[in-house]
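Here's a quick briefing to read alongside the model. Have a look at the structure first, then go through the notes.

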Amino acid sequence: MSQEHPSEADPYAVLKNNDSAFWADAVADAVEARNPEEPMVIKGGVSPSGIPHIGHPNEILRGYFVAEALRDRGREVRQVFTSDDRDRLRKLPRRLANLDGEIVGLGEIDAGALGRNLGRPYTDIPDPFGCCDSYGDHFTELLRRDMERLGVEVDFRSNTALYEVGAFDDVIRHVLANQDRAREVLARYQDQIDEEYVPFFAICEDCGQLTETITAVDLEADTVSYRCTDVETGGDTIEGCGHEGTTALRNGKLPWRFEWPAQWGILDVDHEPFGKDHAEGSWPSGVDIARNVLDVVPPVPMVYEWFTLEGEALSSSGGHVVTVDEVLDILEPAVLRYFFSKAPLKQRDFSIERIDQLVDEFDEFERVYFGETDAPERERVRAERAYPKVVEAVREKRVRIPYTFAAVLGMTDDPDLREEIARREGHVPDDAPEWAVEEALARVERARNWARRTGNEFDYELKRSAMPDVSFDEATEQALDELAEFVAEGHDGEAIQGEIYETAKRHDIEVADFFAAGYQLFFDDDEGPKLGPFLGKLDQQFVVERLRRKG
RNA sequence: GGGCCGGUAGCUCAGUCUGGCAGAGCGACGGACUCUUAAUCCGUCGGUCGCGUGUUCAAAUCGCGCCCGGCCCGCCA
């Protein structure tokens, strides 16, 4: 048995007492210090209770960075993720999502049918969308797809499947054979642990609910007897059916505080990151139970902080969530991975409104890695360690169009025009390889999605195919004709901008009103991007005809 | 009520381990340009490092007390 690591008493210790520029190296140090057998195992896990949101990747990406840090040292590492899908459904989520990530309210599915499954394991509940084998499989599949999009290779393991194939058999028998010891240790963390308490829940053969009232244990026959009684969950009561029966050990589960350390033993886990909610409840009891009931060595722990969304706590039940899928519509996977590479203990806000700041920060981080900008030593080292783990491939020739400029380019749908303007503005070097140009322009589409989603100051759409319905007074019409003439002579954007001003003055039109006329013609709006330079970048014939109100 | 984590410029964040000039980007403002507007370039502005206190030649950094936010201290996971 390996000796106790200081982090067992304090799961924050791993991240605090270290001088690594990149936190994952500190965790990797702690993992290596235990001399684990290879492949080393890094685990995460959650219950598939509903739509996976932007907080869930913490559970996998934190471990991913540690895995990569260990691989840098030549270690073989496997990442596993348990879908804790034998947990019971405790309450109905307000919103669900189909496999395409489209969110639907409870009202759009058969909520009554779903509600009759309260208290049953997720894997025993029919998929409300009818596409997967169960409710649990459905939401696990959504998370699996998110991880695929993020490009992290993880071995998903169904907890239910582990029970069914007997992976838990030995540990369940051990716990049930040493119930006094189990109760004694658990009682240090939970009240109401009396002689009647049996650390095992059975699935009622009549109604399918997980019941906690175990009346007898027969380790010769590998069965337990139970009475299906009411279950209290967070103030609500799920009624039991009263059935009394006897069922196999594989047809049940360990309570969480035993199940977690049992997973460590079964999967031979060397490291596991977890949210701060586990740091003071489950972790200490998990260590105690692992050491003193199961004879299992706890993994190296790491606590990560939760982050907020637009300044407020994420809330699945309250609907204040954003999915990985939605986020990847507006930024590259590398940027999202970058977000999760930052110090785990800082409380951070994830803001869609200001996502441009995150992207800018990533671009700068990338420049630091390639030595294209000055940076303090510590930041340089961090970039050196973290950057290769954040991107799909380290390629110095990559091209990044600044995010807000990409949003400006997104005002036109024309891909050729987007590229032409980007090149003219110097955001795409002449010698940029084709793949780099393609990827750079992909950001334009994402920035466009962002502008549209937030309805921000970049959310303008060039009305190219059809002229908006407009009418102007005579002076304005004459001024527009003159401006058309000027554009037809061939001037650059700066000159056009000046001429807009001049033309307005000549016709005694308020400058602001004349700009507004231009915005109406091109954007069907009263405001928009800086008009002269924007028109200067469009093709001249189109601009001239539009100014003449000829389509 | 007790414990844990966080709090640094308007915003997003480095820096805190190991005390040594308060930092970056974005932003705002002014200019480059007869110009209300994105981008580009130049310049300027920007701080009670949550508050107080102790230690020290020296504190964002170490100690103590407090404030604010999140989480844990029932059950569940």
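E361 puts a polar side-chain atom 3.4 Å from a sugar or linking oxygen of RNA strand B, which fits the cut-off for a polar contact (a pair of N or O atoms within 3.5 Å). This is a predicted model, where local features need pLDDT of at least 70, side-chain atom pairs count only at pLDDT 80 or more, and totals for chains, interfaces and linings use all residues. Residues are numbered from 1 along each chain as its sequence is written, chains are lettered from A and ligands numbered from 1 in the order written, and side-chain values use heavy atoms, with hydrogens and water left out.

**Other polar contacts with the RNA**
- S47 has a side-chain N or O atom 3.3 Å from a sugar or linking oxygen of RNA strand B.
- With S282 the partner is a base nitrogen of RNA strand B, 3.1 Å from a polar side-chain atom.

**The surface near RNA strand B**
- "Near" takes a heavy atom within 4 Å, and of the 53 residues around the strand, K16, N18, D87, E280 and K346 come nearest.
- By class, that surface has 26 charged (Asp, Glu, Lys, Arg), 15 nonpolar (Ala, Val, Leu, Ile, Met, Phe, Trp, Tyr, Cys, Pro) and twelve polar residues (the others, Gly among them).
- Helix 20 (493-506) gives the largest share, five residues; helices here are DSSP runs of H or I, at least four residues, numbered from the N terminus.
- On the RNA side, 60% of the strand B atoms within 4 Å of the protein belong to sugar or phosphate, and the rest to bases.

Methods
A polar contact is a pair of N or O atoms within 3.5 Å; within protein, one must be able to donate a hydrogen and the other to accept it, and residues adjacent in sequence count only if both atoms are side-chain atoms. Helices (H or I, at least four residues) and strands (E, at least two) are DSSP runs, numbered from the N terminus.
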